Amino acid sequence: MHCVAKMTKIIFHVDMDAFYASVEESLNPDYQGKPLIVGADPKKGRGVVLTANYEARKFDLYSGMPIARAYKLCPDGIYVRPNFSTYHEFSKKVIAILKKYSTKLQKVSIDEAYLDVTDIVNNFKDAEILAKRIQKEIFDELKITCSIGIAPNKLVAKIASSTNKPNKITVVTPENIKSFLHPLPVEKLHGIGSKTAARLRELGIETIGDLANFSVIELARYFGKSTAYYFHELANGIDYRDVVSESERKSISEEITFGEDTDDIDQILEEISAMATSLFEAMKKENMGFRTVTIKLRYANFETHTKSKTVSSIILDNNMLIKIAKTLFLEAYEKNRKLRLIGVRLSNFVDVSIQRTLLEFI
Ligand code: TTP
Ligand code: MG
């Protein structure tokens, strides 16, 4: 028999719709159908919108908008403070559902993951049927919706999920990559932010199609050779990155942006503890140990610091991890300064499946 390796991958990008708000709606059905904003207290006036449900987005609200402005645009909305640990719980349940379909899963943030389903389905039509099934299972179990982008690579899958929301599936087959990407604004490409987009606009480049058709040699005169080639690849929807599961990764991390900048040490330490626990459980599931813990702090003025500790033997105990993370934080934190973001990262992985098995036998 003649075997031909499958050349085309089929990748899902699953992204929850208005995630924090959807979780709140799921737990409080009274909120459904009304504009809902998760973020800072509008009565206090400081802080930002973390997310707004799709009802609230009709009033032009978006993540990162100052809460005071949101309140002016949508005074009759329901405004709730974030419950990060609940969002982590939901996130874990979503990942558990996705893992049933493919272990080639890469969690990218609290509400999004890539899934490589190349070995599970035969073609893009079957992939769409699978995506519908996943959406249904998530909704039946958790009463929240997600959007799924299906494409031959991560780059296009992620753009696909974001162009069609909420509760949608967008399929981009290899033949359709160009017609799908070319009309979109260049900002849709990962790595092209508003500053780069402004520079590209000066060259008459507005859409991904404009970028794809622009001379690379000319582009190199403005951005340097390697960036020019990179942009060109992106614009043509080329991306060779694999979906990398937690056990294959070099580090895992979680971070949260507070709805309102805070210097409340108890609250911060509680969040650190919740993130550490969630990361520890993820590592345990993969039978992985780690030796390095890093804490990340971002102050209100965006100044960002990290502090790490590497221990000589693998950390196999969650309490030890929490203690290290909290100590690192207290060492790094300048008292009374308001924090915008806090994060925990684990790295220096060690496969402990053998050790664990041995421990169970002793
Ligand atoms: P996103 O997936 O970017 O947004 P979303 O899920 O709320 O809405 P969409 O339907 O467009 O995907 O982010 C996931 C969660 O992360 C979001 O619910 C709240 C949080 N978040 C912040 O805390 N700050 C931010 O600036 C953004 C963008 C998100
Ligand atoms: Mg989302």
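**Exercise 1. The second largest cavity**

Describe how the lining of the second largest cavity divides by residue class, and find which strand gives the most to this lining.

*Solution.* Begin with the classes: in this predicted model, the residues that line the second largest cavity divide into one nonpolar, one polar and five charged. Next, put names to them, for the lining is made up of Lys99, Leu105, Gln106, Lys107, Glu246, Arg249 and Glu286. Leucine counts as nonpolar while Asp, Glu, Lys and Arg count as charged, so Leu105 is the nonpolar member of the list. Then turn to the secondary structure, where strand S5, spanning residues 105-109, makes the largest contribution with three residues. Finally, the space enclosed in the second largest cavity comes to about 30 Å³.

**Exercise 2. The largest cavity**

State how many cavities of 30 Å³ or more a search of the whole structure finds, and work out which elements line the largest cavity.

*Solution.* The search of the whole structure yields two cavities of 30 Å³ or more, and the largest cavity holds about 50 Å³ of space. Its lining consists of Val14, Met16, Phe19, Ser91, Val94, Ile95, Leu98, Ile110, Asp111, Glu112 and Ala113. Mapped onto the secondary structure, two or more of these lining residues come from each of S1, helix H4 (84-101) and strand S6 (112-116). Of the elements, H4 has the largest share of the lining, namely four residues. By class, the lining of the largest cavity has eight nonpolar residues, one polar residue and two charged residues.

**Exercise 3. The two pockets**

Give the volume of the largest pocket and of the second largest pocket, and describe the lining of each.

*Solution.* Start with the largest pocket, whose volume is about 1,300 Å³. It is lined by 45 residues, and those closest to its centre are Tyr20, Ser109, Ile110, Asp111 and Glu112. Sorted by class, this lining contains 17 nonpolar, twelve polar and 16 charged residues.

Continue with the second largest pocket, which has a volume of about 320 Å³. Among its 16 lining residues, Ser22, Glu25, Gln32, Asn53 and Thr145 lie nearest the centre. The elements H1 and H2 each give two or more residues to this lining, and H1 has the largest share with three residues. The classes here are five nonpolar, seven polar and four charged residues.

**Exercise 4. The surroundings of ligand 1**

Locate ligand 1 among the pockets, then describe the shell of residues around it and the polar contacts of three of these residues with the ligand.

*Solution.* The location comes first: ligand 1 sits in the largest pocket. Around ligand 1 there are 13 residues, of which Ala18, Thr51, Tyr54, Arg57 and Asp111 come nearest. Strand S1 (11-16), helix H1 (19-27), strand S3 (49-52) and helix H2 (54-57) each contribute at least two residues to this shell, whose residues divide into six nonpolar, two polar and five charged.

For the contacts, take each residue in turn and apply the cut-off of 3.5 Å between N or O atoms. In aspartate 15, a polar side-chain atom lies 3.0 Å from an oxygen atom of ligand 1. In phenylalanine 19, by contrast, the atom concerned is a backbone N or O atom, placed 2.9 Å from an oxygen atom of the ligand. In threonine 51, an N or O atom of the side chain is 2.5 Å from an oxygen atom of ligand 1. To complete the picture, ligand 1 taken alone exposes 550 Å², and the protein buries 71% of that area.

**Exercise 5. Two backbone details**

Determine where in the fold alanine 18 and proline 166 are found, and say what is notable about the backbone at each.

*Solution.* Alanine 18 belongs to the loop between S1 and H1, and although this residue is not a glycine, its phi is positive, at about 40°. Alanine 18 is also one of the residues that come nearest to ligand 1. Proline 166 is found in another part of the chain, in the loop between helix H6 (154-163) and strand S8 (169-171). The peptide bond that leads from lysine 165 to proline 166 is cis, with omega near -10°.

Key. Residues numbered from 1 in each chain as written. Chains lettered and ligands numbered in written order. Predicted model: local features only at pLDDT ≥ 70, side-chain atom pairs only at ≥ 80, totals over all residues. Heavy atoms only, no water. Near = heavy atom within 4 Å. Polar contact = N/O pair within 3.5 Å; in protein donor to acceptor, adjacent residues only side chain to side chain. Areas by Shrake-Rupley, 256 points an atom, 1.4 Å probe, with all protein chains shown as cover. 1 Å grid on protein atoms, 1.4 Å probe; cavity = no way out; pocket = protein on both sides within 12 Å on 5 of 7 lines; lining within 4 Å. Sits in = over half its atoms within 2 Å of the grid points. Points joined across faces, edges and corners; volume = space filled by probe spheres on them.
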